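Reader: Could you walk me through the terms used for this model, and show how each one is earned?
Author: Gladly; let us look together.

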Amino acid sequence: MKDKIAEVQLTAESWSPQQVLAWAFETFGNAVAISSAFGAEGMVLIDMASRLRKDFRLFTVDTEFLFSETYNLMDRIEQKYGIKIERVFSLLSPEEQERVHGAALWTRDADQCCNLRKVEPLRRKLSELDAWITSIRRDQTSFRKGARKVEWDAKFGLVKVNPIADWTSKQVWRYLHEHDVPYNSLHDQNYPSIGCTHCTRAVRPGEDPRAGRWPGTDKTECGLHVIEIQPLTPLPEAEA
Ligand code: SF4
């Protein structure tokens with residue numbers, strides 16, 4: 001599979017998001033799924049996918065600490081697109097986590113909490129797939145700037161597809177408005193990036209869009225995208 005990815009990786013950089021998605025569906029069939037936490041970027045992919053394939057797979061890692069607005073959006077997605085979201089949970093319920101690791105683990109060791117509630121469940125889900133599709137963009141965090149549209153994910157051992165890696169936030173919002181795509185109502189209340197209730201706040205004017213995630217710490221990622229993917233071909237000069 002790595003050889004196949006090396007062949008397509010450079011070419012894929014010139015593809016539109018829809019072309020990348022179509023390639024992923026064609027190549028991996030039912031063994032590829034979109035991973036989403038239903039942020040604005042994820043909603044773009046879900047809408048695009050629905051126009052290409054009615055029965056596309058969509059999963060989410062449900063930490064059981066999500067906002068009610070996020071759960072509400074999940075219901076709206078299932079209704080609008082006629083799909084069932086595959087929900088993956090931690091092996092520990094919130095109550096069990098408190099019993100084993102103490103109260104409010106996220107205030108003492110957010111990395112461990114994210115490992116228990118996000119990374120381990122994701123690893124379990126990805127072990128049943130050949131490829132996963134994410135909505136990361138290169139300009140979101142320093143960890144994401146090297147993302148390719150198609151790449152080998154050495155951390156989880158499968159192909160990672162990032163159809164809107166080269167999009168800007170402006171392009172995301174233009175797509176949502178032009179196609180009347182539902183989105184999380186918290187975005188209209190100064191939450192550009194939305195995760196768990198315990199670790200997300202609204203941003204203030206002038207702050208970085210991800211300043212509301214794990215506020216007061218230098219943590220910017222939950223661990224799903226932090227390990228550098230190993231690009232098999234270098235990024236074109238203009239994008240490096
Ligand atoms: S974002 Fe916060 S509450 Fe959610 S899993 Fe990570 S540390 Fe725990």
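**Terms and their cut-offs**

Author: Trp 167 is buried, as is Tyr 175; buried stands for under 20% relative accessible area, exposed for over 50%, and partly exposed for in between, with a 1.4 Å probe and protein chains only. The model is predicted, so local features need pLDDT of at least 70 and side-chain atom pairs count only at pLDDT 80 or more, while totals for chains, interfaces and linings use all residues. Residues are numbered from 1 along each chain as its sequence is written, and side-chain values use heavy atoms, leaving out hydrogens and water.

Reader: What makes the pair of Trp 23 and Phe 28 edge-to-face?
Author: The structure holds seven aromatic pairs. In the pair of Trp 23 and Phe 28, the ring centres are 5.6 Å apart and the planes stand at 90°, so the pair is edge-to-face. The rule is that rings of Phe, Tyr and Trp (its six-membered ring) pair if their centres lie within 6.5 Å; planes under 30 degrees apart are stacked, over 60 edge-to-face, and the rest tilted. Trp 23 and Phe 28 are both buried, and ring pairs link them with Trp 15 into a cluster.

Reader: And why is the pair of Trp 167 and Tyr 175 called tilted?
Author: Its centres are 6.4 Å apart, with 55° between the planes. That angle belongs to the rest, neither under 30 degrees nor over 60.

Reader: How do you know that the charged end of Arg 53 sits over the ring of Phe 25?
Author: The charged end of Arg 53 is 5.4 Å from the ring centre of Phe 25. The definition asks for NZ of Lys or CZ of Arg within 6 Å of the ring centre and within 35 degrees of the ring normal.

Reader: Why is Arg 137 called buried?
Author: Its relative accessible area is 6%, so Arg 137 counts as buried. The side chain of Arg 137 makes polar contacts with Glu 41 at 2.9 Å and with Asp 139 at 2.5 Å. A polar contact is a pair of N or O atoms within 3.5 Å; within protein, one must be able to donate a hydrogen and the other to accept it, and residues adjacent in sequence count only if both atoms are side-chain atoms.

Reader: What radius of gyration does the protein have, and what would a compact globule have?
Author: The protein has 17 Å, which agrees with the value near 18 Å for a compact globule of 240 residues. The radius is taken over C-alpha atoms, and the globule rule is 2.2 Å times the number of residues to the power 0.38.
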